[in-house]
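Student: Mind if we go through this one together? I'd like to hear how you reason from the atoms to each answer.

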Amino acid sequence: MAELIFITCLNYLVLALSIFMLLSESPSPAYAASVQYNVVSFGAKADDTTDSSKAFQSAWASACGSMRAATIYVPRGRFLVRSASFKGPCKNLAITVRIDGTLVAPSNCNVNGDAGNWIVFRHVIGVSVIGGTLDGQGMDLWACKLSGKSCPSGATNLMISNSENILVSGLSSLNSQMFHIVVSGCQNVKMQGVKVSNPGTSPNTDGIHITASTGVTIRNSKIGTGDDCVSIGPGTNNLWIENIACGPGHGISIGSLGQDQEEDGVQNVTVKTVTFTGTQNGLRIKSWARPSNGFARNILFQHAIMNNVQNPIIIDQNYCPDNSGCPTQASGVRVSDVTYQDIYGTSATLVAVKFDCSSKYPCTAIRMQDVKLTYWNQLATASCAHADGTASGLVQPSSCL
C-alpha cells in the first residue's frame, strides 16, 4: 500500500514538473502578442530621394489598428518623408517606433514650411520613440529669414499633442526649421538621451518646448540651437529637467508668459544639474509687459554651472519685442516661490543677476542660496527692481533682494 502511494505521488510530481517546464519555455504573453512592421515592407526606400510618407503612414495604420503590441521599425538609411501624422486613438496601448535610420525632410522650405509640423503624434497613448535621427533640413528657411525676405513660418520637427504615457529615448533632432520637439496638451511624457543640434544662428529654433502639459521629464540630454534650449509655456505643471547640457542657445526659459490676458500658469518646475556654455541666458523667467492672470510659482533652479553666459540668472517681466502692444504697461504675471540654489560659474556681462519684475505685481519669495558668479575674474553685480526675497549661504554678487 505504501509503495502504491509513493508511486502515485511520484507521478503527480513528474506531471507538475512537466507543466512547469512547458510554461517556462513558452514566450511571455507580451512577447507572444507583439508584432513588427518594417516600413520597407510598405514601400519605404532608404535612398534619400523617394518620398516614403505613404509607407510610414501605412505602417502606422497597421500598428495602430493592431490588437497586439506593435513595433514600427525604420532600418538604417536616409528616408525622405514629406510629412507624417500618426493619429490615435489606437486599438493597443503599446506601440514602439524603433528607428535605426534617419528621417529626412524636404530641403526646399516651400514644400512643408507652412505645415506647422513635420512629424506629428496626436491623441495617442503608450507610444515609445526609440533611437534614430530626424533631419529637418532647415538651412533653406534660415537663410530666407536672415535675408529679410518673405518666408514660410517653418515646421517643427516633432510634435507630440494631446497624448499620454509617451517615451522619447535616444532620439537626435537636427536642422529643424522651427522648434525641434514640442509637447502640447500631454500627460506623463519622458524624454531621455535626446540630442538637439542646430547652429546658434538659426532663428526661432527652440530645442524642446513644453506647454499645457503635466508630468513631463527631460533627462540626460544635450541641446544646442538658435533659441531656447528648453522653453516652458503656459499651463505647464510638474515638470522635471535634469542633467542637461545647453549651448549654443538662449538658455532654459519659463515663458514667454502673459501674452494673453486669460492664461494658465506654470507651477512645480524643477531644473537641476544643468551646464550652460556660451548661451545668451542661463535660467530665465520671461513675461510680456501687459495685463494677464498668468503666474509662475514653486520653481527650483538647482546645481547649475554657467560658462561665459550673458545673463546667468534673469527674471524679465518687461518683455516687449519691437515695442509693439505693450509699452508703458505692467506685466500681470505673478512670479513667486522661486529658488536658486548652488549656481556657479562665469558671466559674460557685468550684471550676472537681474530681477526686473512687474511694477504692479512684484516678485515675491525669491530665494538665493549658495550662488557664486564672476565676471572676468572680478566681482559681478546684481540688479533688482520690484523683487522681494532672501539670500543665504555664500551669495556673489551680493544680493539686491
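## Cavities, salt bridges and a helix

Tutor: Bear in mind that this is a predicted model. Let's begin with the largest cavity: 13 residues line it, and those nearest its centre are Phe 86, Val 97, Ile 99, Leu 103 and Phe 121.

Student: Which elements give two or more residues to the lining of the largest cavity?

Tutor: We're after elements that supply at least two residues each, and the ones that do are strands. In chain order they are strand E2 (70-74), strand E5 (95-99) and strand E7 (117-122).

Student: How do the residues of that lining divide into nonpolar, polar and charged?

Tutor: Phe, Val, Ile and Leu all count as nonpolar, and that covers the residues nearest the centre, Phe 86, Val 97, Ile 99, Leu 103 and Phe 121. Over the whole lining of the largest cavity there are no charged and no polar residues, and the nonpolar count is 13.

Student: What volume does the largest cavity have?

Tutor: The structure holds two cavities of 30 Å³ or more. The second largest has a volume of about 30 Å³. For the largest, the volume is about 110 Å³.

Student: And which residue is the polar one in the lining of the second largest cavity?

Tutor: That lining is made up of Val 353, Phe 355, Met 368, Ala 382, Val 395, Pro 397, Ser 399, Cys 400 and Leu 401. By class it has eight nonpolar, one polar and no charged residues. Val, Phe, Met, Ala, Pro, Cys and Leu count as nonpolar, so the polar one is Ser 399.

Student: On to charges. How many residues apart in sequence are the parts that Arg 219 and Glu 242 tie together?

Tutor: These two form a salt bridge, with the closest N and O atoms 3.4 Å apart. Arg 219 sits in strand E17 (residues 214-224) and Glu 242 in strand E19 (residues 237-246), so the parts they tie together are separated in sequence by 23 residues.

Student: Are Arg 284 and Asp 228 buried or exposed?

Tutor: Their side chains meet in a salt bridge at 2.9 Å, N to O. This pair links distant parts of the chain, 56 residues apart, with Arg 284 in strand E22 (residues 281-288) and Asp 228 in the loop between E17 and strand E18 (230-232). The cut-off for buried is under 20% relative accessible area. Arg 284 comes out at 9% and Asp 228 at 3%, so both count as buried.

Student: What about Asp 337 and Arg 367: which class of exposure do they fall in?

Tutor: They form a salt bridge too, at 3.8 Å from N to O, and join strand E25 (residues 334-347) to strand E27 (residues 363-375). Partly exposed runs between 20% and 50%. Asp 337 has a relative accessible area of 33% and Arg 367 one of 34%, so each counts as partly exposed.

Student: Which residues are linked in a network of salt bridges?

Tutor: The structure holds five salt bridges. A network needs a residue that can pair with others, and here one Arg comes with two Asp residues. The members are Asp 48, Arg 78 and Asp 135.

Student: Last one: why do the buried residues of H5 line one face of the helix?

Tutor: In helix H5 (residues 139-147) the buried residues are Leu 141, Trp 142 and Cys 144. They pack against helix H4 (109-112). Looking down the axis of H5, they line one face because they fall within an arc of 160°.

Terms used. Residues are numbered from 1 along each chain as its sequence is written. This is a predicted model: local features need pLDDT of at least 70, side-chain atom pairs count only at pLDDT 80 or more; totals for chains, interfaces and linings use all residues. Side-chain values use heavy atoms; hydrogens and water are left out. On a 1 Å grid over the protein atoms alone, a cavity is a set of points where a 1.4 Å probe fits but cannot get out, and a pocket is an open set with protein on both sides within 12 Å along at least five of seven lines; lining residues have an atom within 4 Å of a point. Grid points are joined across faces, edges and corners, and a volume is the space filled by probe spheres set on the points. Helices (H or I, at least four residues) and strands (E, at least two) are DSSP runs, numbered from the N terminus. A salt bridge is a side-chain nitrogen of Lys or Arg within 4 Å of a carboxyl oxygen of Asp or Glu. Buried means under 20% relative accessible area, exposed over 50%, partly exposed in between (1.4 Å probe, protein chains only). The arc is that of the directions from the helix axis to the C-beta atoms. Contact means heavy atoms within 4.5 Å.
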